[in-house]
Amino acid sequence: MNKRWKISFNSPVILGFVGICFLVMLVSILTGGRSNDLLFVTWHSSLRDPLTYVRFFTYIFGHDGWPHLIANMGYILLLGPLLEEKYGSVRILQIIAITAVVTSLINYIFFWQVALCGASGICFAFILLSSFTSLNEREIPLTFLLVAAIYLGQQIYEGITAHDNISNLGHIIGGVIGAVVGFVLNRKTVRGRRR
């Protein structure tokens with residue numbers, strides 16, 4: 001009997017997301033960054049421009065160079081498949097969409113001078129969501145508290161002290177969304193087990 005190893009397409013949403021991000025980066029390089037400016041960066045553009053609404057979501061696919069892309073994709077490929085296996089493809093797609101839109105809307109309303117580009121908010125949502133691997137009734141995982149303190153604390157500190165081109169707001173909002181979703185989803189699981 002011939003047993004061969006094969007490559008499995010184990011995480012369709014995460015693999016699709018990563019594939020789109022790499023294609024967007026290649027197109028950005030080929031167009032000298034014009035495609036990013038047009039479709040994959042969100043800023044305080046006119047609400048009469050239909051692309052404003054498109055960019056509220058599509059900015060998560062654009063990245064400001066290879067180091068930015070590789071760092072984000074590393075986290076997403078590490079955490080995403082485990083989360084997609086646990087919560088399902090549809091739920092992970094919803095988390096990505098909610099994180100993208102909520103972050104861009106808050107940025108649009110409150111931070112007119114800041115442009116957003118990249119999947120960093122998704123990374124932080126996944127980081128906080130992954131800390132809810134097990135939840136019992138009336139318990140908060142210590143791993144969640146440590147992860148929240150380390151990652152969100154760092155972003156708040158850098159948001160106050162660093163003057164770089166990184167939107168710490170996107171990281172913080174992504175982390176908060178991941179924490180809330182993780183708590184809500186795992187609380188439902190605990191209630192289901194109790195019945």
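**Entry 1. Nonpolar core.** I looked up the largest nonpolar core in this predicted model and found 39 residues in it, with Phe17, Ile76 and Phe126 touching the most other members. I then listed the helices that each supply at least two residues of this core: helix 1, helix 4 (66–87), helix 5 (89–110), helix 6 (120–130), helix 7 (142–161) and helix 8. Helix 1 gives the largest share, seven residues.

**Entry 2. Phe126.** I asked which residues Phe126 touches, leaving out those up to four places away in sequence. The list reads Ile14, Ile76, Leu79, Gly80, Leu83, Ile92, Ile95 and Ile96. Of these contacts, Ile76, Leu79, Gly80 and Leu83 are also among the buried residues of helix 4.

**Entry 3. Helix 4.** I took the span of helix 4 from its first C-alpha to its last: 30 Å for 22 residues, close to the 32 Å expected at 1.5 Å a residue. Where does helix 4 bend? I located a bend of about 35 degrees at Gly80, with a proline, Pro81, following within four residues. Both Gly80 and Pro81 are buried, and I noted Leu69, Asn72, Met73, Ile76, Leu79, Leu83, Glu84 and Tyr87 as the other buried residues of this helix. Just after helix 4, I recorded a positive phi of about 95 degrees at Gly88.

**Entry 4. Confidence.** I checked the pLDDT, which averages 83 over the protein, and 84% of the residues score at least 70. Confidence is highest in helix 1 (residues 12–30), at a mean of 96, and lowest in helix 8 (residues 168–194), at 70. I keep in mind that predicted coordinates should not be read in detail where pLDDT is low.

How values were computed:
Residues numbered from 1 in each chain as written. Predicted model: local features only at pLDDT ≥ 70, side-chain atom pairs only at ≥ 80, totals over all residues. Heavy atoms only, no water. pLDDT = per-residue confidence, 0-100. Core = buried A, V, L, I, M, F, W, Y, C linked by side-chain atoms within 4.5 Å. Buried < 20%, exposed > 50% of the residue type's maximum accessible area, 1.4 Å probe, protein only. Contact = heavy atoms within 4.5 Å. Expected span 1.5 Å × (residues − 1). Bend = angle between axes of the 7 residues up to and from the residue.
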